[in-house]
Amino acid sequence: MHIVSLSFDDGFEDSFPRVVDLYEGHGLRACLNIVATVRGRPGFAADVEGVPELDLTNFDLWNSLAARGHEIMPHTYCHQNLQNVSLATAEALIDRGLELFAEHLQGYDASRAIYNFAYNASTPEVEALLETRVRAWRTGGSEINPLPTATTRRITCSAHGPGNCEEDLDRKLAEFVASEGGWFVYNLHGLDEEGWGGRHTWTTCSADCSTRERRFVRWGRRWMTLHECVATATRVGARPHSTRSSTGDPP
Ligand SMILES: [Zn+2]
């Protein structure tokens, strides 16, 4: 079985509604991860220690996308790289972020949440903090995961940047399709070069995401969000199954 999840980070206000439109066009749910707070924009907080008081990002928009059935998950409190702070600071930042999600994101449920690390950067000690706080977490590593089970906690992904990720994504998808299978998780950001610079390794995806999804659905590859995939594995206690049927031949 081949399952594909594209996991969009940060909260781009132009791109995220467009990603949702693309996914809805295929009857799919988008997988969107947002930074809770902002000073200007996400990606800013590489020098922040502790838990600064910052304005929220656009929870009205995130809630409107969630209300349309899409997956909105935590992508940190203030986009701090938790490899660069003390464990106590990391814990404080995680907890402050999860509090804000619980308070402001409609339908948020910590027992179902997937925590998406900023920069896909974590340590074993920081990951251990999440074991009692969320259902699972996404960090850096291979984009090909084993199929999830009821006990899956750690999900790895790859990304590409700075610059456009199309070539990298297409190459990795082609390798995945030729593999025995598993769960492909790839981290994206905005569409059509929407992004912002600084120390973030930006990756973008062009609007032909739509073509890619159509191709994969036609090939019978399952296209799921991170939580859909984990939750389905939890429900059936084994391999996830998609309601989307195979309607074509593999390439
Ligand atoms: Zn990010």
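Start by selecting Phe 16, which lies in helix H1. Helices here are DSSP runs of H or I with at least four residues, strands are E runs of at least two, and both are numbered from the N terminus. This is a predicted model, so local features need pLDDT of at least 70, side-chain atom pairs count only at pLDDT 80 or more, and totals for chains, interfaces and linings use all residues. Residue numbers start from 1 along each chain as its sequence is written.

**Stop 1: around Phe 16**

Is Phe 16 buried or exposed? Phe 16 is buried, because 26 other C-beta atoms sit within 10 Å. The cut-offs: 20 or more other C-beta atoms within 10 Å of a residue's own makes it buried, 12 or fewer makes it exposed, anything in between is partly exposed, and the C-beta atoms are placed from the backbone.

Now show its contacts, meaning residue pairs whose C-beta atoms, placed from the backbone, lie within 7 Å. Leaving out residues up to four places away in sequence, Phe 16 touches Phe 8, Gly 11, Leu 32 and Leu 65. Drop a distance label to Cys 31 too: Phe 16 and Cys 31 are 15 residues apart in sequence and 9.7 Å apart in space, C-alpha to C-alpha.

**Stop 2: Leu 32 and strand E2**

Hop over to Leu 32. With residues up to four places away in sequence again left out, Leu 32 touches Phe 8, Phe 16, Val 19, Leu 65, His 70, Glu 71 and Ile 72. Next, select the whole of strand E2, residues 31-34. Both of its faces are covered: Cys 31 and Asn 33 are buried on one side, Leu 32 and Ile 34 on the other.

Which strands flank E2 in the pairing? Strands count as paired if DSSP finds at least two bridges between them. Strand E1 (residues 2-10) pairs with E2 in the parallel sense over four bridges, and Asp 9 stands opposite Asn 33. To get from E1 to E2 the chain passes through helix H1 (residues 15-24), and this β-α-β crossover is right-handed. That handedness means the path from the first strand over the helix to the second runs clockwise when the strands point away from the viewer. E2 is also joined to E5 by four bridges, running parallel, and there Asn 33 has Met 73 as its bridge partner.

**Stop 3: strand E11**

Go back to E1 and look at E11, residues 182-188. E1 and E11 pair in the parallel sense over seven bridges, with Ile 3 opposite Trp 183. Six of the seven residues of E11 are buried. Then add strand E8 (residues 144-145), which two bridges join to E11 in the antiparallel sense. Asn 145 also stands opposite Trp 183.

**Stop 4: the core**

Select Phe 8, Val 19, Leu 32, Ile 114, Trp 137, Phe 184 and Tyr 186: these have the most contacts inside the largest nonpolar core, which has 58 residues. A nonpolar core is a set of buried Ala, Val, Leu, Ile, Met, Phe, Trp, Tyr and Cys residues joined through C-beta atoms within 7 Å.

**Stop 5: a three-strand sheet**

From Ile 114, colour E6, E7 and E9. They form an open sheet in the order E6-E7-E9, with parallel pairing. E6 (114-116) and E9 (154-157) each have a single partner strand, so one side of each is left without a neighbour in the sheet. Three bridges join E6 to E7 (residues 136-140), and Ile 114 stands opposite Ala 136.

**Stop 6: two unusual phi angles**

Most residues other than glycine have a negative phi. Thr 76, in the loop between E5 (71-74) and helix H3 (87-104), has a positive phi of about 85°. Thr 76 is buried, with 27 other C-beta atoms within 10 Å. Tyr 119, in the loop between E6 and helix H4 (124-130), has a positive phi of about 60°. Tyr 119 is buried as well, with 22 other C-beta atoms within 10 Å.

**Last stop: confidence**

Colour by pLDDT, the predictor's confidence in each residue from 0 to 100. The protein chain averages 82, and 78% of the residues score at least 70. Over residues 196-202 the pLDDT is below 50, and this stretch has 13 contacts in the model beyond near neighbours in sequence. Residues 238-251 are also below 50, with 26 such contacts. Where pLDDT is low, the predicted coordinates should not be read in detail.

Methods:
Two residues are in contact if their C-beta atoms, placed from the backbone, lie within 7 Å.
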